[in-house]
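Please follow the explanation below with the sequence and the coordinates at hand. The account proceeds from one element to the next.

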Amino acid sequence: MSSEWGRIDEAGAVFVRTADGERQVGSWQAGDAEAGLAYYVRRFEDLQTEINLLAKRLESGAGDPKATKSQAMTLHASLPTVQAVGDLAALDAQLVSLITAADAKMGEQAEARDAARAEAIAKKEALAAEAETIAESSTQWKVAGDRLRAIVEEWKLIKGIDRKTDDALWKRFAAARDAFGKRRGSHFATLDTERDAAKAIKEKLVAQAEQLSTSEDWRETSAALKELMNEWKAAPRTNRNTEDALWKRFRAAQDVFFERRSAVFAERDAEQSQNLKEKEAIIAEAATLDVSNPRQAQVALRDLQEKLEALGHVPRDAMQRVEARMRAAEQRVREALDAEWKRGATDSNPFLAQLKERLNEAEAKLAKAQASGDPQRIAKAEAEVARRKALLPE
């Protein structure tokens, strides 16, 4: 029994055909030769399936390149003695290709590890440099201290650096942190000597605020108190108890002034709200003036304008709206006066009267044409009406 890649002789010996000639791969005594040959072909197919699976897992990234190479080399070494019937040369080439691909993947992984290591080193170098900058120049003591503690947590999350490099970078960071701690300690030691001066400054600010609390110059005093607040914030702090006591006095003086101002402004706002209601009523009356007699409407409008001017201020956010509504009412009267003047001018002009008469005749012809239902006659009549209207002034 024979096939393209192998045969079984009469004695049951199983052979595979290779480029170097036939090689016995086993024997078959269990049944007919066809079944025996099929058994050894299946062994070849199983081997081929295993190799294909290794290749697919490597390509998809699911397979470990190093393990894949090891398995491929083991399979490749077994080909000269493998007990299977099939195209062993093709398997040999496939395994060589798989080993090459595994080597390439291992190279890529090595490059990725090197890149990750370089990135991790760069991150820790940046953190160390940031700590050194903080240690050298930062005066925001709490913010800087918080940031240094946060750097420690970030540092712990950065992996993949060799021990020697990591230790050297940590020494840089630790030295910077220690330098910051010493500088901050020196600062607060100096601050203790400045607290008496801070107390004198803030006592002066409190006295100024208390003096301003009775002022009625609302705008200037508000600005002055805000400036005192800015000075308070800029001044150094004294000890906790003194600071709290001075702050209560300072804040109380401000509250006295702003509560008085709020009461005055509330009264003013109420007055302006009443003015707004009265002005809106006047404008509503102006907007509904009977303009059929424009001259009479003009006289009435002047009276309403005088009443409007006599009233006081309205809230700032309503000023433009009120003015716009009044202008609209005034414009309505002006337009009525203009229309009256134009009518008088037209009625006294015989030429215009003649044009109007011709237009009336054209409109009468159009009505007859529409009654006839003749499209051509209607179109001609409409054109004549349009031409007559165009001759009249607007």
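In this predicted model, helix α8 comprises the 17 residues 294-310. From its first C-alpha to its last, α8 reaches 24 Å, close to the 24 Å expected at 1.5 Å a residue. Five positions of α8 are named here as buried, namely P294, A297, L301, L304 and L308. Viewed down the axis of α8, the buried residues fall within an arc of 80°, and they therefore line one face of the helix. The face of α8 turned away from that buried side carries Q296, V299, E306 and A310, which are exposed.

One of the buried residues of α8, P294, also serves to relate this helix to another part of the chain. A339, which lies in helix α9 (residues 316-347), is 45 residues from P294 in sequence, and the two C-alpha atoms are 9.1 Å apart in space. Is A339 buried, partly exposed or exposed? Its relative accessible area is 30%. Because buried means under 20% and exposed means over 50%, A339 counts as partly exposed. P294, by contrast, is buried.

The strands may be considered next. An open sheet of 3 strands has the order β1-β2-β3, and its pairing is antiparallel. β1 (6-8) and β3 stand at the edges with a single partner strand each, so one side of each has no neighbour in the sheet. From one strand to the next, the twist averages 25°.

Within this sheet, strand β2 (residues 13-18) and strand β3 (residues 21-27) pair in the antiparallel sense over 6 bridges. β2 and β3 form a hairpin, with 2 residues between the strands. Which residues of β3 stand opposite A13 and V16? A13 stands opposite S27, while V16 stands opposite R23.

The packing of the helices completes the account, beginning with helix α1 (residues 33-60). Helix α1 packs against helix α3 (residues 88-137) at an angle of about 20°, and the axes of the two are 10 Å apart. Since angles under 35 degrees count as roughly parallel, this arrangement makes α1 roughly parallel to α3. The crossing of α1 and α3 is left-handed.

Helix α1 is also related to helix α2 (residues 65-78): their axes come within 10 Å and cross at roughly 160°. An angle over 145 degrees counts as roughly antiparallel, and α1 and α2 are therefore roughly antiparallel to each other. The crossing of α1 and α2 is left-handed.

Helix α3, already described as a partner of α1, packs with helix α4 (residues 141-157) as well. How far apart are the axes of α3 and α4, and at what angle do these helices pack? The axes are 11 Å apart, and the angle is about 165°. That makes α3 roughly antiparallel to α4. In passing α4, α3 makes a left-handed crossing.

Technical notes
Residues numbered from 1 in each chain as written. Predicted model: local features only at pLDDT ≥ 70, side-chain atom pairs only at ≥ 80, totals over all residues. Heavy atoms only, no water. Helix = DSSP H or I, 4+ residues; strand = E, 2+ residues; numbered from the N terminus. Expected span 1.5 Å × (residues − 1). Buried < 20%, exposed > 50% of the residue type's maximum accessible area, 1.4 Å probe, protein only. Arc of directions from axis to C-beta. Pairing = 2+ DSSP bridges. Axes fitted to C-alpha atoms, helices over the stretch in contact; angles between N-to-C directions. Parallel < 35°, antiparallel > 145°, perpendicular 65-115°, else oblique. Left-handed = near helix turned anticlockwise from the far one by under 90°.
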